[in-house]
Amino acid sequence: NIATQVVTTGSVDTSTVGSYTIMYKVHDSVGNGGYAKRIVTVVDADAEIVVGHEDGNNAGWTVYDNNPAGATALSVEDADKGGRVIELSGAGIENGYALTNLNITEGFVASWAMKFDEDFKFFIKIQTQDHGRIYMTYVPEDIDRGYVEDGLHYVYLALGSDVNDNTWRTFKRDIAADLHKVKDEYVITSIIGFLVRGSGRVDDLTTYTRGNHATFTYNGHSYEIVKTARSWQEASNDAVAKGGYLAHINSKKENEEIYSRLLRHISDAELLTTRAADGGNASYVWIGGSDHTTEGTWRWSDDNVQFTLGDVPTAGVYTNWGQAWDGGHKEPDNWINADLAPEGQDFAAMAVHNPINPNGNLGNGRIWPWGFAGQWNDVAIGNALYYIIEYN
């Protein structure tokens, strides 16, 4: 046994991305030698593998609904994009266009750019484990509609009513998370293709991988998911002690990014330990909003900016309170219950799981009285929940 005589050369800097070579050499007492080479690769755990599915060339695009006839999917120059894009031209949403035959089996994050000045439906066609094919449907609306069966299976999600303003818009969505919002028992197995109804331009159809990490960055800020169940005040104190604050969410894109990361980092088993009985018995994480100081006046803890008064959002300030698709029930509602919320509900949390509908399935699965996962709810001080810290 000459293991103690092995000479090792080379080193690994785990803080710097790259490949490192380690050499192991040894000789026995009569000069017989041997060596082994080991290559260690250090990668960025937050880096995502990116796969582009078109480059402005219309190869692979088809018109799958050409009634009325004459619809085209052409490659054209676009001055604003500085290159070639796909122009879809026809009779609005009556015509349909497709880039299919994809087989994306991991990551399940997709992004695309689009420029429309009319109504559209942007579909991402997916295969699920036990429930067949579903069309993830993104539309220029403000409120998610949820799951709809109409011969085929659709999940309708809102991109915002202002996105068809004839300017280029880029969207990045975690398809697995979007599916989980409305059908948390469904499991995506692959992305099959992109489809569009409507006349406009599209570009940069891309898929990404996404890992399971407690920390991540977005738009110049960093975030930390803490999987220790604490009260809102205890969570806020911990955030401040670490040099941050409970997350202050300023945009739909930031909200979607946070929800995506939460869903990938919190396991199904862990969801059971961060539930709020007064919030539809759903799983939640604390964010930085509260109306504890003045009932009905919701402010962010980091800068005291008001974002809601009663259940009316402050003009020009982003909110994502839970709301049924039919415009019915709205949060926050300061529900008071002698057992679950004796002092009302004064602290904001993001749902990581759908609030449970005690009245059964309404509207073909579309309407939930407390909204969808990813939306916010006001819940009581007595809850112990996970939380997310934001750092400037």
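**Two pockets and a helix crossing**

Helix α1 supplies the largest share of the lining of the second largest pocket, at four residues. This pocket, like everything else described here, comes from a predicted model. Its volume is about 410 Å³, and 20 residues line it. Nearest the centre of the second largest pocket sit His 180, Asp 184, Tyr 186, Leu 263 and Asp 268. Alongside α1, the elements that give two or more residues to this lining are α3 and α4 (268-271). Sorted by class, the lining of the second largest pocket has 11 nonpolar, four polar and five charged residues.

Helices α1 and α3 also meet each other. The axes of α1 (residues 175-182) and α3 (residues 252-265) come within 9 Å and cross at roughly 85°. Since angles of 65 to 115 degrees count as roughly perpendicular, α1 and α3 are therefore roughly perpendicular to each other. On the α1 side, the contact is made by Ala 176, Ala 177, Asp 178, His 180 and Lys 181; α3 brings in Glu 256, Tyr 259, Ser 260, Leu 263 and Arg 264. That makes four nonpolar, two polar and four charged residues in the contact of α1 with α3.

Then there is the largest pocket, which holds about 790 Å³ of space. It is lined by 33 residues, and the closest to its centre are Asp 142, Lys 252, Tyr 318, Thr 319 and Asn 320. Strand β14 (169-174) and helix α3 each put at least two residues into this lining, with β14 giving the most, five residues. By class, the lining of the largest pocket breaks down into nine nonpolar, 10 polar and 14 charged residues.

Note on methods. Residues numbered from 1 in each chain as written. Predicted model: local features only at pLDDT ≥ 70, side-chain atom pairs only at ≥ 80, totals over all residues. Heavy atoms only, no water. Axes fitted to C-alpha atoms, helices over the stretch in contact; angles between N-to-C directions. Parallel < 35°, antiparallel > 145°, perpendicular 65-115°, else oblique. Contact = heavy atoms within 4.5 Å. Nonpolar A, V, L, I, M, F, W, Y, C, P; charged D, E, K, R; others polar. 1 Å grid on protein atoms, 1.4 Å probe; cavity = no way out; pocket = protein on both sides within 12 Å on 5 of 7 lines; lining within 4 Å. Points joined across faces, edges and corners; volume = space filled by probe spheres on them.
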